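Work through the following exercises with the sequence and the coordinates side by side, and try each task before reading its solution.

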Amino acid sequence: MKITDAKVIICSPGRNFVSLKIFTDQGVYGMGDATLNGREKAVATYLQEYCIPALLGKDPQNIEDIWHYFYRGVYWKRGAVNMTAIAAIDMALWDIKGKMLNTPLYNLIGGKSREKVLVYTHANGKDLSETLEKVGEEIENGFFAIRVQSGIPGITHTYGVPKDNKPYEPAQKGLPHEDYWDTSKYLNFAPKLFQKVREKYGEDLLLLHDVHHRCTPIEAARLAHELDPFHLFWLEDPVTGELQEGLRHIRKHATTPIAIGEVFNSVYDYTTLFTEQLIDFVRMPLVHGGGITHMLKVASFASVFHIQTGFHGATDLSPINLAASLHFDMAINNFGIQEYMPHQAIVNEVFKINYRYDKGFMYIDDTPGIGVDIDEKAANKFPYEMACLPVNRKNDGTMFYW
Ligand code: CS2
Ligand code: MG
């Protein structure tokens with residue numbers, strides 16, 4: 001069997017997406033997600049200029065060998081662009097394998113460990129009372145795992161809260177917008193927020209919160225300790241993950257579970273975090289984490305340390321990634337939870353999906369392979385337009401983490 005061609009499809013149904021389509025001499029093609037929010041053209045160019053020419057003629061059945069060809073064979077290893085491109089190739093090859101064997105992806109990676117996939121969604125409000133309302137709305141929608149983010153008194157605009165009630169989309173057209181941040185206001189407010197959520201909705205609701213990389217290790221230790229009484233399901237990205245040892249401070253002061261790594265792209269980003277059991281959930285998604293082949297290794301490594309998956313699933317990851325993630329979530333034993341921010345309806349004009357949501361869980365059907373396809377004619381109606389994630393400064397103007 002041979003790869004005969006491949007192409008990159010960039011489209012923008014509501015937001016930018018990059019997809020890879022790999023064709024074979026058996027008439028079967030595979031789809032992979034190559035979307036990297038704010039850096040779409042970097043991945044597209046890397047695939048078009050360097051990866052696709054090297055793919056032609058290869059046997060698409062040899063997934064492991066091709067993965068290593070593009071990992072070990074690339075001298076300048078790792079990094080978000082490189083690993084997203086590898087992920088797209090890997091997803092497309094698994095998609096082809098499933099189609100050739102006429103079986104859904106989850107069957108190729110161990111079969112069903114469960115019948116449905118626990119998901120969490122986002123509740124965001126401009127202030128505490130609106131946030132409490134939004135939590136109630138998502139409970140009405142059947143969710144019982146909810147990520148809670150709120151505007152913070154004294155901070156004009158913060159992460160996770162959409163402007164003027166539009167669907168949350170962090171990337172904005174053109175060059176990065178600038179946000180401003182005040183850690184002390186945030187640290188004083190966050191425990192009050194969760195106290196109110198617990199008072200209003202009780203103890204059983206699974207609550208998640210995303211710090212979005214914005215504390216120092218000791219600040220994160222204070223926050224996690226002060227959130228302990230509210231029994232969060234997880235506290236996400238409490239600190240920036242480059243310094244893995246930094247997470248040790250949190251473990252010394254708190255039992256709140258920690259989730260980290262949506263911006264990671266390699267197993268090596270996790271080695272200390274796993275072996276010292278500094279975290280509880282792996283956020284690194286298939287699309288930025290080198291695809292199914294790599295993430296199967298990462299998930300197995302994590303399972304040795306009782307660490308579960310909790311894949312990133314924001315709307316800036318495409319339906320191809322979400323479907324592949326749901327197959328993965330169905331199959332592995334140490335699945336924890338899946339992020340699910342429903343894509344806008346316009347996205348489904350382009351991406352033909354094979355999954356559905358019902359009362360707090362997601363279900364994927366038995367379409368062979370990953371099961372998502374692209375209507376290329378529809379895709380052409382939504383041309384790419386550059387959009388970037390914001391940058392974030394402290395109030396004194398110091399560059400900080402967004
Ligand atoms: C967030 C993301 O969903 C999350 O946990 O961290 O929405 C993140 O801000 C975006 O994916 C960035 O593009
Ligand atoms: Mg996050």
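**Exercise 1.** Does Ile-260 count as buried or exposed, and what is its relative accessibility?

Solution. In this predicted model, begin by placing the residue: Ile-260 lies in strand β10, which covers residues 258-260. Next, take its relative accessibility, which is 0%. Buried means under 20% relative accessible area, so Ile-260 counts as buried. Then look at what surrounds the residue: with neighbours within four places in sequence set aside, the contacts of Ile-260 include Val-239, Gly-241, Leu-247, Tyr-270, Leu-273 and Phe-281. One of these partners, Gly-241, is 19 residues away along the chain, and its C-alpha atom is separated from that of Ile-260 by 7.2 Å.

**Exercise 2.** Find the helix that holds His-327, and decide whether the residue is buried or exposed.

Solution. His-327 belongs to helix α11, which is made up of residues 319-331. Its relative accessible area is 0%, and therefore His-327 is buried. When residues up to four places away in sequence are not counted, His-327 touches, among others, Pro-104, Leu-105, Tyr-106 and Ile-109, as well as Asn-354, Ile-364, Asp-365 and Ile-370.

**Exercise 3.** Which residues form a negative surface patch together with Asp-127, and where is Asp-127 found?

Solution. The patch is formed by Asp-127 with Glu-133, Glu-137 and Glu-140. Asp-127 itself is in the loop that runs between β4 (117-125) and α5 (128-140). As a last step, consider its accessibility: the relative accessible area of Asp-127 is 30%, so the residue is partly exposed.

Terms used: Residues are numbered from 1 along each chain as its sequence is written. Chains are lettered from A and ligands numbered from 1 in the order in which they are written. This is a predicted model: local features need pLDDT of at least 70, side-chain atom pairs count only at pLDDT 80 or more; totals for chains, interfaces and linings use all residues. Side-chain values use heavy atoms; hydrogens and water are left out. Patches are made of residues with over 30% relative accessible area and no salt bridge: like charges are joined within 9 Å, nonpolar side chains (Val, Leu, Ile, Met, Phe, Trp, Tyr) within 5 Å. Accessible areas come from the Shrake-Rupley method with a 1.4 Å probe; for residues, only the protein chains shown count as cover. A salt bridge is a side-chain nitrogen of Lys or Arg within 4 Å of a carboxyl oxygen of Asp or Glu. Lys and Arg count as positive and Asp and Glu as negative; His and the chain ends are not counted. The place of a charge is taken as NZ of Lys, CZ of Arg, CG of Asp or CD of Glu. Helices (H or I, at least four residues) and strands (E, at least two) are DSSP runs, numbered from the N terminus. Buried means under 20% relative accessible area, exposed over 50%, partly exposed in between (1.4 Å probe, protein chains only). Contact means heavy atoms within 4.5 Å.
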